[in-house]
Amino acid sequence: MDAFSKEELIGKALDARRESYSPYSGFAVGAAILTDSGKVYSGANIENASFGATICAERTAAVKAISEGERKFRAIAIAGSPSSAEDISFQYSFPCGICRQFLREFALPDMKVYIKGPLDDIYETTLDELLPHSFGPENLS
Ligand code: THU
């Protein structure tokens, strides 16, 4: 049993979302990753005046975990919506294609993906479902 429930992980993603730097899109995202060591690393999207330099919340959280020595991800929670969104209007914000592939590198089999929806709803899926027949480190050996 994980030390963090999906509700708690979504709570961490929402906390991280408060630090989103998204003046261009007005779309604030937070993410929280649970690693196999039982720790949680969170992050927000960070935009740039040169739009292509923007970093998604999922990759912010992932690089924080990896640069602290983590290598295996058990789950990620994502909370994204326009900055003004209230709980009641929160939209389901799925990870972009680049983030799916980035997470794939460090995903344990059956890595869970939890997405915040309106009110208390949480959509639950797996990385494998979001990125089927994926390419990973094993393909290179
Ligand atoms: N964004 C994320 O943080 N994660 C995603 O998976 C999709 C998009 C951010 C990037 C940009 O700052 C804003 O949402 C609008 O695309």
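Gly-117 is buried, with a relative accessible area of 0%. This glycine sits in the loop between S4 and S5. Beyond its neighbours up to four places away in sequence, Gly-117 touches Asp-87, Phe-90 and Tyr-92. Ala-75 lies 42 residues from Gly-117 along the chain, and their C-alpha atoms are separated by 17 Å. The model is a predicted one.

The loop between S4 and strand S5 (122–126) also holds Leu-119. Its backbone deserves a look. Most residues other than glycine have a negative phi. Leu-119 is not a glycine, yet its phi is positive, near 50°. His-133 shows a positive phi too, of about 50°, and is likewise not a glycine. This histidine belongs to the segment after H4. His-133 has a relative accessible area of 82%, so it is exposed.

Now turn to helix H2. Of its 10 residues, 8 are buried, so H2 is largely enclosed by the rest of the structure. The buried residues are Ala-57, Glu-58, Arg-59, Thr-60, Ala-61, Ala-62, Ala-65 and Ile-66. They pack against S1, strand S2 (40–44), S3 and H3.

Thr-60 is one residue of H2 to follow in detail. Its relative accessible area is 13%, and because buried means under 20%, Thr-60 counts as buried. Setting aside neighbours within four places in sequence, Thr-60 contacts Gly-43, Ala-44, Ile-46 and Ile-55.

Next comes the partner helix. Two packed helices are described by the angle between their axes and the distance between the axes. Helix H2 (residues 57–66) and helix H3 (residues 97–104) pack at an angle of about 20°, and their axes are 10 Å apart. That angle makes H2 roughly parallel to H3, because angles under 35 degrees count as roughly parallel. The crossing of the two helices is left-handed. On the H2 side, the contact is made by Glu-58, Arg-59, Ala-62, Val-63 and Ile-66. On the H3 side, Ile-98, Cys-99, Phe-102 and Leu-103 take part. Sorted by class, this contact has 7 nonpolar residues, 2 charged and no polar ones. The spacing along a helix helps in reading such a list. An α-helix has 3.6 residues a turn, so residues three or four places apart point the same way.

What about the nonpolar core? The largest one has 19 residues. Within this core, Ile-33, Phe-73, Ile-76, Leu-103 and Val-113 touch the most other members. Several elements give two or more residues to the core: strand S1 (27–35), H2, strand S3 (73–82), strand S4 (107–116) and helix H4 (127–130). H2 gives the most, with 5 residues.

Ile-33 shows how these parts meet. Leaving out neighbours within four places in sequence, Ile-33 is in contact with Lys-39, Val-40 and Tyr-41, among others. Its contacts also include Glu-58, Ala-61 and Ala-62. Phe-73, Ala-75, Ile-76 and Leu-103 are on the list as well. Apart from the largest core lies another core, of 12 residues. Leu-9, Ala-13, Leu-34 and Ala-85 are among its members.

Strand S3 also contains Gly-80. With a relative accessibility of 1%, Gly-80 counts as buried. Not counting residues up to four places away in sequence, Gly-80 touches Arg-17, Phe-27, Ala-28, Val-29, Phe-90, Gln-91 and Ser-93. Gly-80 and Pro-23 are 57 residues apart in sequence, and 14 Å separate them in space, C-alpha to C-alpha.

The tour ends towards the start of the chain. Asp-2 is in the segment before helix H1 (6–17). At 29% relative accessibility, Asp-2 counts as partly exposed. Beyond its neighbours within four places in sequence, Asp-2 is in contact with Leu-34 and Arg-74. Leu-34 is also among the residues of the 12-residue core. Asp-2 and Phe-90 are 88 residues apart along the chain, and their C-alpha atoms are separated by 26 Å. Phe-90 has appeared before, as a contact of Gly-117 and as a contact of Gly-80.

Note on methods
Residues are numbered from 1 along each chain as its sequence is written. This is a predicted model: local features need pLDDT of at least 70, side-chain atom pairs count only at pLDDT 80 or more; totals for chains, interfaces and linings use all residues. Side-chain values use heavy atoms; hydrogens and water are left out. Axes are lines fitted to C-alpha atoms, for helices over the stretch in contact, and angles run from 0 to 180 degrees between N-to-C directions. Helices (H or I, at least four residues) and strands (E, at least two) are DSSP runs, numbered from the N terminus. Angles under 35 degrees count as roughly parallel, over 145 as roughly antiparallel, 65 to 115 as roughly perpendicular and the rest as oblique. A crossing is left-handed if the near helix is turned anticlockwise from the far one by less than a right angle, and right-handed if clockwise. Contact means heavy atoms within 4.5 Å. Ala, Val, Leu, Ile, Met, Phe, Trp, Tyr, Cys and Pro count as nonpolar, Asp, Glu, Lys and Arg as charged, and the others, Gly among them, as polar. A nonpolar core is a set of buried Ala, Val, Leu, Ile, Met, Phe, Trp, Tyr and Cys residues joined through side-chain atoms within 4.5 Å. Buried means under 20% relative accessible area, exposed over 50%, partly exposed in between (1.4 Å probe, protein chains only).
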